[in-house]
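This report goes through one protein chain, from overall fold to selected residues. The sequence and structure come first.

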Amino acid sequence: MTFHLTLTVNGESRAIDLDDPRVTLLDLLRERLGLTGSKKGCDRGQCGACTVLVNGRRVNACLALAVSLDGAEILTIEGLARGEQLHPVQAAFIEHDGFQCGFCTPGQIMSAVGLIREGHAGDDPERIREGMSGNLCRCGAYIGITQAVIEAQARLSAEQGEAA
């Protein structure tokens, strides 16, 4: 049996045929669509390395079945920057050394973007740490990650204030 689905991935509509309903969104992105930015860490939803945005909400792609997302809008780390211009969260991660080995960085960045979009970031480090608690960093770059989220939140708030 073939399952037909349509996803909008990083702004591009994709028609996809799957012959196995057990294919996860992560495996679809990495193996079928060649979008390898989202990492396969634990494959159990415990590390957050595979975090993407689905219809604007943070999702562990390793836990989401692709067939259940027909019609969804998916944003991965590959679709975050605008050409050569980094997203404010990406730029803040660089400025605040919010990474070391870089393995968790795509998931951390996508989770931070989702946290900010959900309106849960603010400027309280403890609140940010709680909101990002589903994303693990084995290198311990949490201070830089928290500072990057605070900085990005401030930048995005300022941009929205200017646009109003």
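## Burial and the model

A residue counts as buried when its relative accessible area is under 20%, and as exposed when that area is over 50%. The structure discussed here is a predicted model. By this cut-off, 43% of the 164 residues of the protein chain are buried.

## Overall fold

The protein chain holds 5 helices and 5 strands. Read from the N terminus, the order of its elements is β-β-α-β-β-β-α-α-α-α. The radius of gyration is 16 Å, close to the 15 Å of the globule rule for 164 residues, so the protein chain is as compact as a globular protein of that length.

The C-alpha trace spans about 50 × 40 × 25 Å along its principal axes. Of the contacts between residues at least 6 apart in sequence, 58% join residues at least 24 apart.

## Two domains

The domain assignment splits the protein chain into domain 1 (3-79) and domain 2 (88-163). Their centres, taken over C-alpha atoms, are separated by 22 Å. Domain 1 puts 16 residues into the contact, and domain 2 also puts in 16 residues.

## Nonpolar cores

The largest nonpolar core has 24 residues, and Leu80, Val89, Phe93, Ile109, Ile116 and Val149 have the most contacts inside it. Two or more residues come from each of α2 (88-95), α3 (105-117) and α5 (142-163). Helix α3 supplies the largest share, 6 residues. Because domain 1 (3-79) and domain 2 (88-163) both give residues to this core, it lies between them.

Ile109 shows what surrounds one of these core residues: beyond residues up to four places away in sequence, Ile109 touches Ile77, Leu80, Val89, Gln90 and Phe93. A second core, separate from the largest one, has 22 residues, including Leu7, Ile16, Cys50 and Val52.

## Strands β3 and β4

Strand β3 (residues 51-54) and strand β4 (residues 57-60) run antiparallel and are joined by 4 bridges. Leu53 stands opposite Arg58 of β4. The hairpin has 2 residues between its strands, and within this hairpin Asn55 has a positive phi near 50°.

## Thr51

Thr51 belongs to strand β3. With a relative accessibility of 3%, Thr51 falls under the 20% cut-off and therefore counts as buried. Which polar groups does the side chain of Thr51 reach? One is the backbone oxygen of Gly48, at 2.7 Å. Another belongs to the side chain of Asn135, with which the side chain of Thr51 makes a polar contact of 3.3 Å.

Apart from neighbours within four places in sequence, the contacts of Thr51 are Ser38, Arg58, Val59, Asn60, Gly107, Met110, Ser111 and Asn135. Among them, Arg58, Val59 and Asn60 lie within the residue range of β4, 57-60. Gly107, Met110 and Ser111 lie within the residue range of α3, 105-117.

## Helix α1

In helix α1 (residues 25-32) the buried residues are Leu25, Leu26, Asp27, Leu28 and Leu29. These buried residues pack against β1 (3-9), β2 (12-18), β3 and β5 (73-75). Just after α1 comes Gly34, with a positive phi of about 70°.

## Helix α2

Helix α2 is mostly covered, with 6 of its 8 residues buried. The buried residues are Pro88, Val89, Gln90, Ala91, Ala92 and Phe93. Of these, Val89 and Phe93 were listed above for their contacts inside the largest core, and Val89, Gln90 and Phe93 are touched by Ile109. Asp97 follows α2 and has a positive phi, near 50°.

## Val113

Val113 lies in helix α3. Is Val113 buried or exposed? Its relative accessible area is 2%, under the 20% cut-off, so Val113 is buried. Leaving aside neighbours within four places in sequence, Val113 contacts Leu53, Leu80, His87 and Val89.

Leu53 is the residue opposite Arg58 in the hairpin, while Leu80 and Val89 are among the residues with the most contacts inside the largest core. Val113 and Gln153 are 40 residues apart in sequence, and their C-alpha atoms are 8.9 Å apart in space.

Definitions and conventions. Residues numbered from 1 in each chain as written. Predicted model: local features only at pLDDT ≥ 70, side-chain atom pairs only at ≥ 80, totals over all residues. Heavy atoms only, no water. Pairing = 2+ DSSP bridges. Core = buried A, V, L, I, M, F, W, Y, C linked by side-chain atoms within 4.5 Å. Buried < 20%, exposed > 50% of the residue type's maximum accessible area, 1.4 Å probe, protein only. Domains from an automatic or database assignment. Contact = heavy atoms within 4.5 Å. Polar contact = N/O pair within 3.5 Å; in protein donor to acceptor, adjacent residues only side chain to side chain. Rg over C-alpha atoms; globule rule 2.2 N^0.38 Å.
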